[in-house]
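Biologist: I am new to this structure. Please take me closely through one part of it, the place where the protein chains meet each other, and then follow on to the DNA.

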Number of protein chains: 2
Amino acid sequence: MGYRCCMAVDREQVLRSAAALLTRKSTATMDEVARAAGISRATLHRHFAGRDALVRALEELGIAECEAALEAARPDDGPAAGAVRRLVRAIEPSAALLAFLYTENQLFEGEEQNAGWARIDARLTDLFRRGQESGEFRIDLTPAWLTEALYGLLGAGAWAVAEGRVARNDFNHMIVELLLGGALRRE
Amino acid sequence: MGYRCCMAVDREQVLRSAAALLTRKSTATMDEVARAAGISRATLHRHFAGRDALVRALEELGIAECEAALEAARPDDGPAAGAVRRLVRAIEPSAALLAFLYTENQLFEGEEQNAGWARIDARLTDLFRRGQESGEFRIDLTPAWLTEALYGLLGAGAWAVAEGRVARNDFNHMIVELLLGGALRRE
DNA sequence: CCCATATGAGACACCTTTGTCTCAGGCAGG
DNA sequence: CCTGCCTGAGACAAAGGTGTCTCATATGGG
């Protein structure tokens, strides 16, 4: 049977280019996705049963990247602020994909969402809660809100970079410093 | 001719209910919009030539609300931090509509966007720049980024409230405190 | 060389949404 | 009461996207 290694590789490449396109134009057609991947619509359909399956696969990719970033950031090590800095740095390459999935998830109103998000949310919430309990973070901003805010800032940052309103090199600094330090000057 | 006062009123009501629906389900059909407004699709089409026209009208509404909020917040008066607090408070009722338009604008890739946004962006940017020049705000976060971040936090806040992850009463505090003060405790 | 497999191109029907139209009913003002 | 206007309901075609199919082709392994 034709279960070759290149199948997976091709699928991965298609997924990457689909992510790159859909993060820029979330309403792109299956035809556009195929064209962007350099394959025909028929082959795209052979990899992903339909548009839904493609989005689901992108969701799995996004979840995997998030969990890898969480893994790499060691959120339980050292000061919570440092963990947040490591996390944002690790998650930066996935920010655009995350922003796409974030808005896409709002459309899956009825259906239950992938359990992976709950795991990631829980780990992020735990990190912010740890920061509160260690006295680093203020306690009037709930961990759930800080998690949401992180998503929102990642999306806004990705969008601002794509629009050229923020330099790509400043992405980390802008997000981390605003999230941790806010706009006000410290005395 | 039939240019009665109630024409405008009805259109306004339709617009409001369309905003309420589309902010929850951005892919709602013209039929769903009409049904939500309690009118028929034919009458909806008599008010708005098409879906595009409806979204444009919502955009005008959002811009008008933003400018009204800016007006009410007196962004040039007193400390910049206070102006930001007043602004977020004034703009809170429009946050969901803003979030809808924010993502919707990403689809109008080719076309030029409404000039109103540029005006609003300029005023927000001016406010943040004023805060920097007065020494209140840090200078390593650019005014353009603070503007984008405000949009992002408003959207994330509206979404978090809609999902029940943040209490509606905390909306202001969560957004303003994170934007101005950040997550870290002040000494 | 031969064959299997994957691919590209295209045709096709189907569905959803949209925009337009017509027609009948209701309501208010004259 | 009559008339004009607005409205709702429904029909209709057109457009766009999707999913499925067929067929010819090329490419690589045996």
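Modeller: Start with the area. About 4100 Å² is buried between chain B and chain A. Carbon and sulfur atoms give 64% of that area. Keep in mind that this is a predicted model. The size of an interface is often given as the accessible area lost when the parts come together.

On the chain B side, three residues lose the most area to chain A: Arg138(B), Trp145(B) and Leu184(B). Together they make up 17% of what that side buries. Now count residues. Chain B has 43 residues in contact with chain A, and chain A has 43 in contact with chain B.

Next come the charged and polar pairs. Between chain B and chain A there are 4 salt bridges. One to find on screen joins Arg165(B) to Glu148(A). The closest N and O atoms of that pair are 2.6 Å apart. Polar contacts cross the interface too, and 22 residue pairs make them, with both residues at pLDDT 80 or more.

Which helices of chain B supply at least two residues each to the side that touches chain A? They are helix H6 (95–105), helix H8 (143–163) and helix H9 (171–181). H8(B) gives the largest share, with 11 residues. By residue class, the side of chain B that touches chain A divides into 21 nonpolar, 11 polar and 11 charged.

Now move to the DNA, beginning with strand C. There are 14 residues around DNA strand C. Those that come nearest are Ser40(A) and Thr43(A) from chain A, and Thr29(B), Arg41(B) and Arg51(B) from chain B. Look at the strand's own atoms within 4 Å of the protein. Sugar or phosphate accounts for 53% of them, and bases make up the rest.

Three polar contacts are worth finding here. A polar backbone atom of Ser40(A) is 3.0 Å from a phosphate oxygen of DNA strand C. From the other chain, a polar backbone atom of Met30(B) is 3.1 Å from a phosphate oxygen of the strand. Arg41(B) reaches a base instead: a polar side-chain atom of this residue lies 2.9 Å from a base oxygen.

Two elements give two or more residues to the surface near DNA strand C: helix H3 (41–47) of chain A and helix H3 (41–47) of chain B. H3(A) gives the most, with 4 residues. The residues of this surface divide into 3 nonpolar, 7 polar and 4 charged.

Turn to DNA strand D. This strand is surrounded by 14 residues. The closest are Thr29(A), Met30(A) and Arg41(A), along with Ser40(B) and Thr43(B). Of the strand's atoms that come within 4 Å of the protein, 50% belong to sugar and phosphate.

Again, look at individual atoms. Arg41(A) has a polar side-chain atom 3.0 Å from a base oxygen of DNA strand D. In chain B, an N or O atom in the side chain of Ser40(B) is 3.1 Å from a phosphate oxygen of the strand. Arg46(B) has a side-chain N or O atom 3.3 Å from a base oxygen of DNA strand D.

The elements giving two or more residues to the surface near DNA strand D are H3 of chain A and H3 of chain B. H3(B) gives the most here, with 4 residues. The surface near DNA strand D divides into 3 nonpolar, 7 polar and 4 charged residues.

Key: Residues numbered from 1 in each chain as written. Chains lettered and ligands numbered in written order. Predicted model: local features only at pLDDT ≥ 70, side-chain atom pairs only at ≥ 80, totals over all residues. Heavy atoms only, no water. Near = heavy atom within 4 Å. Polar contact = N/O pair within 3.5 Å; in protein donor to acceptor, adjacent residues only side chain to side chain. Nonpolar A, V, L, I, M, F, W, Y, C, P; charged D, E, K, R; others polar. Contact = heavy atoms within 4.5 Å. Buried area = accessible area lost by both parts, 1.4 Å probe. Salt bridge = Lys/Arg side-chain N within 4 Å of Asp/Glu carboxyl O.
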